[in-house]
Structure formats: structure tokens, C-alpha cells
Protein chains: 2
Amino acid sequence: MEKAFKALASNPRRRILNHLAGGPMTVGEIAEQFDMAMPSISKHLSVLHDAGLVHQQKRGQHIIYSIAADKLANSLYSFLTPFCPEARVISARRKADAKED
Amino acid sequence: MEKAFKALASNPRRRILNHLAGGPMTVGEIAEQFDMAMPSISKHLSVLHDAGLVHQQKRGQHIIYSIAADKLANSLYSFLTPFCPEARVISARRKADAKED
DNA sequence: TGGTCATTCAGCAGTCGCGCTAAGTGATGC
DNA sequence: GCATCACTTAGCGCGACTGCTGAATGACCA
């Protein structure tokens, strides 16, 4: 949770997540969209991965990143719980749904 | 929004918000709960205020801080919009409600 | 007016984060 | 085998953040 918020504190990282909302992508595909060297993108992705906000999957010499929307939403809803009744409801339902598996 | 996420990236600041969820407080009352010098707390509060996440109200020689739950929730819901259908619904409804005034 | 209390401002040291370039790793293809 | 491609790791400089102490501000009370 600490890590999630630290990860979300950076504009480029939030933009990367928005791009990934459109579907899984390789590092190179993401880097094309940003005016930033690939190692910098790679580092941002590793921060997001360390926070559990993206998944990575090796595919030959490519690495495909995809968004971990559940983790992202769960973190924010559970943080919002003390402040917002709607978040309490959603957070509770998501937890119940998770247990069903 | 940028400011909101930067403000939320710090553990002490999230804890302060949690305390404020219990009701408005002065700087001194907040500082009592933290093992941190008052100027440090004051600075955190000013970061939160700059991000619009708390309100401040002068009351004699005290300054009373209270949480801006609406702004906090709106920021997070609107960020979550691309990733989570529930957030889309809530965000839309909150915006509609805001226009009604 | 002078003292005290609540809070903020100023300035400092240490740490962390961001972007870069250069070099390393590991899979692919000739 | 070796060149190439996709990506990560290492290391650097710089600016931002975090906590501190000490001083300033501003309201209250005698």
C-alpha cells in the first residue's frame, strides 16, 4: 500500500498505467509513446511491478506488461474506506468476491 | 491531481488524514499523536492543504484542520475511471450531484 | 504593554527520486 | 559462433523531500 501510493505519485507512471489500460504492451511499445529513454521507462515499470500494480510476462525476448487493475482498485478503495461510504461498500464487496474463489 | 497524489505518497500524511477522519483538529492535537516535532506536522498539513485535501479555519490563535473528503474521493475516483467500472459510475454521479447546487 | 501560547517560517543535513548514458544479460537469426 | 535486438542494471548529477532546531508572527490575557 505504501509502495502503491509511492508508485502513483509520479506523473509518468500514472500515464503509463493509463496506456496499459488499453491492453498489454511491451516496454518498447510504451517507450515509443514517451519522450524518455528506455531505461527510464523500464525503471518506472519495475517500480509499478514492485508495487503490484502491473504484471509482467516474458515472451521470448520481449516482456509484456499488463495492468493489475484489481490491485490498483483495491488499494485505493481500501484507503478511501474511512472517508467515503461508497468506498466502504465497494471494498467490502470486492473482498467478499475475492474469497469466493 | 498531481499534487493530490504527491501529497498521498507520504505515510505520515496519510496517517494525518486518517486522524482527521475522526473530526476537525488543531495542529497541536494532531502533533500529540505523532512522534514528530510540530513544525514537521505543520509542513505536512500545508502540503495537504496545497493539494486541497484538507480545509483550514482560523479560530483565535488556533487553526482547525478538517478533511476535504469530497476532493480526496473525487481525485481518486476520477483517476480510477479508466480501470474500474464502479469508479466510472461513482465519479459520474458525484459530478452530477456537484452540478445540482 | 509584556508575557505566553499556537502556529508558521527559515535554514540545514541527510536521503531519495528522476532522467541520463554506458555497459551487461539473454533470446533470436544468419 | 557472433551480430543484433529487447530489455535491465549500474552509476552519475541534480533537484526535491523530510526531519530537525531556532526564530518570527499573531492572538490572547493580565
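How many residues lie between strand 2 and strand 3 of chain B in their hairpin? Two, and Gly60(B) in that turn has a positive phi of about 65°. Before going on, note that this is a predicted model: local features need pLDDT of at least 70, side-chain atom pairs count only at pLDDT 80 or more, and totals for chains, interfaces and linings use all residues. Residues are numbered from 1 along each chain as its sequence is written, while chains are lettered from A and ligands numbered from 1 in the order in which they are written.

Back to the hairpin. Strand 2 (residues 54–59) and strand 3 (residues 62–67) of chain B run antiparallel and are joined by six bridges; strands pair if DSSP finds at least two bridges between them. Helices (H or I, at least four residues) and strands (E, at least two) are DSSP runs, numbered from the N terminus. Across the hairpin, Arg59(B) stands opposite His62(B).

Now zoom out to the two protein copies. Chain B lands on chain A after a rotation of 180° with 0.0 Å of shift along the axis, at an RMSD of 0.1 Å (least squares on the C-alpha atoms of residues with pLDDT of at least 70 in both). The two copies are thus related as by a two-fold rotation axis. In chain B, the C-alpha nearest that axis belongs to Ala9(B), 2.9 Å away.

Where they meet, 19 residues of chain B are in contact with 19 residues of chain A, contact meaning C-beta atoms, placed from the backbone, within 7 Å. Helix 5 of chain B gives the most to its side, with five residues. By class, that side has 14 nonpolar, two polar and three charged residues (Ala, Val, Leu, Ile, Met, Phe, Trp, Tyr, Cys and Pro count as nonpolar, Asp, Glu, Lys and Arg as charged, and the others, Gly among them, as polar). And 100% of the interface residues of chain B are also interface residues in chain A, so the copies meet through the same surface.

Finally, the DNA. Strand D is surrounded by 22 residues, the closest being Thr26(A), Gly28(A), Pro39(A), Ser42(A) and Gly60(B); a residue is near a strand if its C-beta atom, placed from the backbone, lies within 6 Å of it. So the turn glycine from the opening, Gly60(B), shows up again among the closest residues. Helix 4 of chain A gives the largest share of this surface, six residues. The whole set divides into nine nonpolar, 11 polar and two charged.

Methods. Contact = placed C-beta atoms within 7 Å.
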